[in-house]
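User: I am new to reading structures and want to know what stands behind the terms. Could you go through them one at a time?

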Amino acid sequence: MVAHGRQCKIEGSQATARQTAELLRSVISQQRVPYTNQAGALIDAVKAVGEQLIAANPVELAVGNIVRRVLHIIREEDLSLTTAAIGELNLSAVSDDENDDDRDGNTTLSAAAVAAAARSTLRPPSLQTLLEDTPVSAAVPQTSSSGAADKSSRSRKLKHDVIEAVNELIQDIVTCHEQIAEQAVEHIHQNEVILTLGSSRTVSEFLFAAKEKKRSFRVFVAEGAPRYQGHLLAKELVARGLQTTLITDSAVFAMISRVNMVIVGAHAVMANGGVIAPVGMNLVALAAQKHAVPFVVLAGSHKLCPLYPHNPEVLLNELRSPSELLDFGEFSDCMDFGSGSGSPLLHVVNPAFDYVPPKLVSLFITDAGGHNPSYMYRLIADYYSADDLVVQRRAIAGN
Amino acid sequence: MDSRRSSRAVIDPKVRQVGFFTSAPLPPDRTQSDPPDPIRSPPLADASSPGNSLSPVMIPPPRHPSDSLLRLPHSPSDAFPPPSPTTTTTSLGDFSDDVTAASSPPPAAARVRGRGSSVKQQGAASSFPGGGFEVPPSVKAPSSVPASGLTTVSVVKLPPGISENAGGSVSVEVQSDRALNSKPLKEKTSKAERRAIQEAQRAAKAAAKAEGIKTPAVTALANAKSAKSTKPSPQRNDSAVVVAASEKKGGDRSVEKDRKKDVPHPRMQYDDKSRVQKLKKRSVVKPTEARNRVELFRHLPQYEHGTQLPVLQSKFFQLDTLHPAVYKVGLQYLSGDICGGNARCIAMLQAFQEAIRDYSTPPAKTLSRDLTAKISSYVSFLIDCRPLSVSMGNAIRFLKSQIAKIPISLSESEAKATLHSDIERFINEKIILADRVIVKHAVTKIRDGDVLLTYGSSSAVEMILQHAHELGKQFRVVIVDSRPKHEGKLLLRRLVRKGLSCTYTHINAISYIMHEVTRVFLGASSVLSNGTVYSRVGTACVAMVAYGFHIPVLVCCEAYKFHERVQLDSICSNELGDPDSISKVPGREDINHLDGWDKSENLQLLNLIYDATPSDYVSLIITDYGMIPPTSVPVIVREYGRGQLWIYEECDPLASPGRCSDAVFFVDGLIFYPSQHLVLSFWFPDRPPSGLNNDLLERSDNFVTVAENGNFTNFEL
């Protein structure tokens, strides 16, 4: 499929997220919806595509996040349509005849199902919801079958609504930088000294926004080996007239004592508040903690991942080419391949990501405002429904 | 009170530098109401010479006509012309009479104590320049008028000092009277007196300048004024007391000097414009200041890279002041051919050795003085090439002390031979042998199956790893490297050649790789007295992450690199490298965002060379004196300074076996002195000293067992 090819090409989780959402939108619009259980059909279709997408690059968590968000949207839209339909039914029932036992029983039954469904989707994944769990997929077809009259219009309406919502999601992803940047002035004061590592578009937009509001501050940019994105960021910041100092990554500890705040971007934010970030970030976070410097992570909502990390340094990491550290053949003269004693003497390790535990993070700034790391699970629960966490698991199993 | 006074005297050396009071030696029959100096307290022969109402400080006693007793010689530093005697006396006489009348009748005891207090106040006034403004308007110099508010305040302030001693009621009266008296007195100051005061101030300025002390003229003025201010105090016979007090200060001076010697000199601060200018005049290299300097590091030198080298190379045959060996080493520092604390130190010492060999004392000069000056000029040249490392600083200090110790009776060739062997011994004992001992210690900390992490390239760590490999220990090495120097690559190459299994990564991946590491071995440029490890930039990061992962951090550092200086951060003292090396990434042509970065004034590139690792992160420091916690560093620093003397002068068992009978020799080369409770030196196992009284003993990590007359005693190390 298209997805496999493009996974390797796209850089940055925002672009990935947007493209994933667009792809899923086209999937939804092309999907033929049956008369019964349209939501289920849509979910299955999205899941099938999502699995492939996630399998293509399991480390890019944004893909999985978007797939889950789309699934969540379908469920929500379906639910709201159902509620509306039942509301209508209820309304008609009330207007027709209140003493009609037959109809009354029917509506109360579906109302209960709706209520259960509403609980399971809209409420946080608490113990109570889990205990009261009624299979939503069972309840939803029931109600939809009950109102058979407006089936065709509703199916079209569902698809339409879902596509609308996905469009909104894409819009959100596109504008997340601006929404985060709007909060910049609240966090950056005059003469602040800010340290950042590598380059992130969110961070640069954030800093630009503060600069545009006539704040003057200095920025220390750690260059972020081995990709040296810090050079790019430094260039951009200077072009905007910000006082910028580029330092080597090894000088982070030396300089952090003179820094007021560390502002960095993230690759993904896990449900426990931990951050998957470009390599070197844990170093910065530890140094910031040692000197009691606030460590602020900027992340668009598409980076919020509903999974809890296990051994993230290894499982959610990616080892890049050693050529970024050592030239190929640079050490060929001192390696004795002739002896063939088995394992080579020289290994080169070049990981792409770092895991920053939640205790090192002072604040998350997302497009929904600032949050504590301990609150992230709840924020994430707003965006995803508990049923969709399985996508990833199945995908990994299939991988 | 005594302690207070002496502490004040210690606080400010400026008092004596200005040279107002110290010149007059204490006449043996002068009074001293409150004997502050136990050594030189003269008998109270003239306990209350009531006629002596002269200014104690400002007016040199002999010039006073009424004072027949004080016929004291003037020292040349006392360039302070006396005010016209007649006027002063009259005004003073008036004033003091007034005061005595007003504050009459104070009990005699109170008066005596009051005198004591006056000493204290004078001490205070003279030692704190700010206190110099405690000038009653009467004696204020007309040219420089302090704010009236200040004066009044100080006038009010002055008496409480007295009231402490002389009784509150009296002091209040004094205060009010003074306030009253001050006005009429002002009118009384004659033209002659005013001129005298002005002259005095000018002279004081000149004196301060002439002495070349950095005391601002204000201090001198203030002192002059404070001297005046104390003049109208109600106490008599102050002069003698003050002379005594100043004498006492002189007595303190030697102690103070000794204490001062221990405190390291403040480093050159490059944001001090005048000093930088002075430095530039002297320097051989004329470097161009780098542009786009980082604001935080103004105090450190940073020059355009690469501009000095060609200039110096072209000057090679013109510079006759420098020895070619020194010159060569300087160029090697500049180009970065020699780097690393030990290598730089050895190269420098060997260059000095050559320079000393070719040295001949010019006529009419002594070797010790001229050679020291010569060495100093070499050192300043080397500093121009690259700032000194702590190890080099210590080596230079050692060399200079050795030069100073050469007896004058020694002939030139003998002296040179002595110095040559001293330097040789320093290199052998303090660097080469020390490294061997460190290796021996550190190898015991490597177990089979260990994964050892090291950062950058440290010669000591490299030796440890190679030695452990030669011993057949099975371990893996993780080499962490960083930009821009990539020193780890060189280490990696050498280790892989030797057949060690290595993993190479960059410093950002440290958190990733730390999971598998069991020990961290780090080198150090210096270990400071507070346990801070001053080392290649990035060492602190590595130590911090290791600490976070609860992995022991072992720092390997020879004891000659220890320094009594303390440091908390990496900013106050550091070295700046070439910023251009940051903007370019070798082998990665795609990263060229910062080409021409120096055109934009908003962008600075910071290339720090060192950083300071807090002692919390260091589990152990392996030195040639054994393995110590970072808290023990000051002990080593202290004992090192002493031990050095001791080893070289009195009790070097290798030079004079048998002289130190209590030394215990260990098979691993350590010599332990039970009387000192310290391992102080080493012997070469291949060259055992003769005439040993004690057996060669084994020792464990923590304590040694010493056999004395058949009894075994344990000493903790």
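User: Where does A:Pro226 lie?

Analyst: A:Pro226 lies in the loop between strand 2 (218-222) and helix 11 (229-239) of chain A. Helices (H or I, at least four residues) and strands (E, at least two) are DSSP runs, numbered from the N terminus. This is a predicted model, in which local features need pLDDT of at least 70 and side-chain atom pairs count only at 80 or more, while totals for chains, interfaces and linings use all residues. Residues are numbered from 1 along each chain, chains are lettered from A and ligands numbered from 1 as written, and side-chain values use heavy atoms, without hydrogens and water.

User: Is the peptide bond from A:Ala225 to A:Pro226 cis or trans, and what is its omega?

Analyst: It is cis, and omega is near 5°. In chain B, the bond from B:Arg483 to B:Pro484 is also cis, with omega near -10°. B:Pro484 sits in the loop between strand 2 and helix 18 of chain B.

User: What makes A:Tyr228 worth a remark?

Analyst: Its phi is near 55°, a positive value in a residue that is not glycine. A:Tyr228 belongs to the loop between strand 2 and helix 11 of chain A. Most residues other than glycine have a negative phi, and most peptide bonds are trans.

User: How do you know which strands of chain A and chain B pair?

Analyst: Strands pair if DSSP finds at least two bridges between them. Strand 3 (residues 243-247) of chain A and strand 9 of chain B are joined by four bridges and run parallel. One of the matches puts A:Thr244 with its bridge partner B:Leu603 in strand 9 of chain B. Helix 11 of chain A packs on the sheet, touching strands 1, 2 and 3 of chain A together with strand 9 of chain B, and its direction makes about 165° with that of strand 3 of chain A. Touching means contact, that is, heavy atoms within 4.5 Å.

User: What is the order of strands in the sheet that holds strand 9 of chain B?

Analyst: Eight strands form an open sheet in the order 11(A)-10(A)-7(A)-4(A)-1(A)-2(A)-3(A)-9(B), and the pairing is mixed. Strand 11 (369-371) of chain A and strand 9 (603-606) of chain B are the edge strands, as each pairs on one side only. Direction ignored, neighbouring strands of this sheet are turned by 25° against each other on average.

User: Which strands are the edge strands of the sheet that ends in strand 8 of chain A?

Analyst: That open sheet has eight strands in the order 8(A)-3(B)-2(B)-1(B)-4(B)-7(B)-11(B)-12(B), with mixed pairing. Its edge strands are strand 8 (346-348) of chain A and strand 12 (626-628) of chain B. Inside it, strand 2 (residues 475-481) and strand 3 (residues 501-506) of chain B pair in the parallel sense over six bridges. B:Ile479 stands opposite B:Tyr504 in strand 3 of chain B.

User: What do strand 5 and strand 6 of chain B form?

Analyst: A hairpin, with four residues between the strands, and B:Gly531 in the turn has a positive phi of about 90°. Strand 5 (residues 526-528) and strand 6 (residues 533-536) of chain B run antiparallel and are joined by two bridges. B:Val527 has B:Val533 as its bridge partner in strand 6 of chain B. Strand 6 of chain B is also joined to strand 10 (residues 610-613) of chain B, by four bridges in the antiparallel sense.

User: Why are helix 16 and helix 17 of chain B called oblique?

Analyst: The axes of helix 16 (residues 412-443) and helix 17 (residues 459-470) of chain B come within 9 Å and cross at roughly 55°. Angles (0 to 180 degrees between N-to-C directions, with axes fitted to C-alpha atoms, for helices over the stretch in contact) count as roughly parallel under 35 degrees, roughly antiparallel over 145, roughly perpendicular from 65 to 115 and oblique otherwise. Helix 16 and helix 17 of chain B are therefore oblique to each other.

User: Why are helix 15 and helix 16 of chain B described otherwise?

Analyst: Helix 15 (residues 390-405) and helix 16 of chain B pack at about 150°, with axes 10 Å apart. The two helices are therefore roughly antiparallel. Among the residues making the contact are B:Phe398 and B:Leu399 of helix 15 and B:Phe426 of helix 16 of chain B.

User: Why is the pair of B:Tyr327 and B:Phe381 called stacked or edge-to-face?

Analyst: Rings of Phe, Tyr and Trp (its six-membered ring) pair if their centres lie within 6.5 Å, and planes under 30 degrees apart count as stacked, over 60 as edge-to-face and the rest as tilted. The centres of B:Tyr327 and B:Phe381 are 5.4 Å apart and the planes are at 15°, so this pair is stacked. B:Tyr327 in helix 12 (residues 324-335) and B:Phe381 in helix 14 (residues 367-385) of chain B are 54 residues apart, and the pair links distant parts of the chain.
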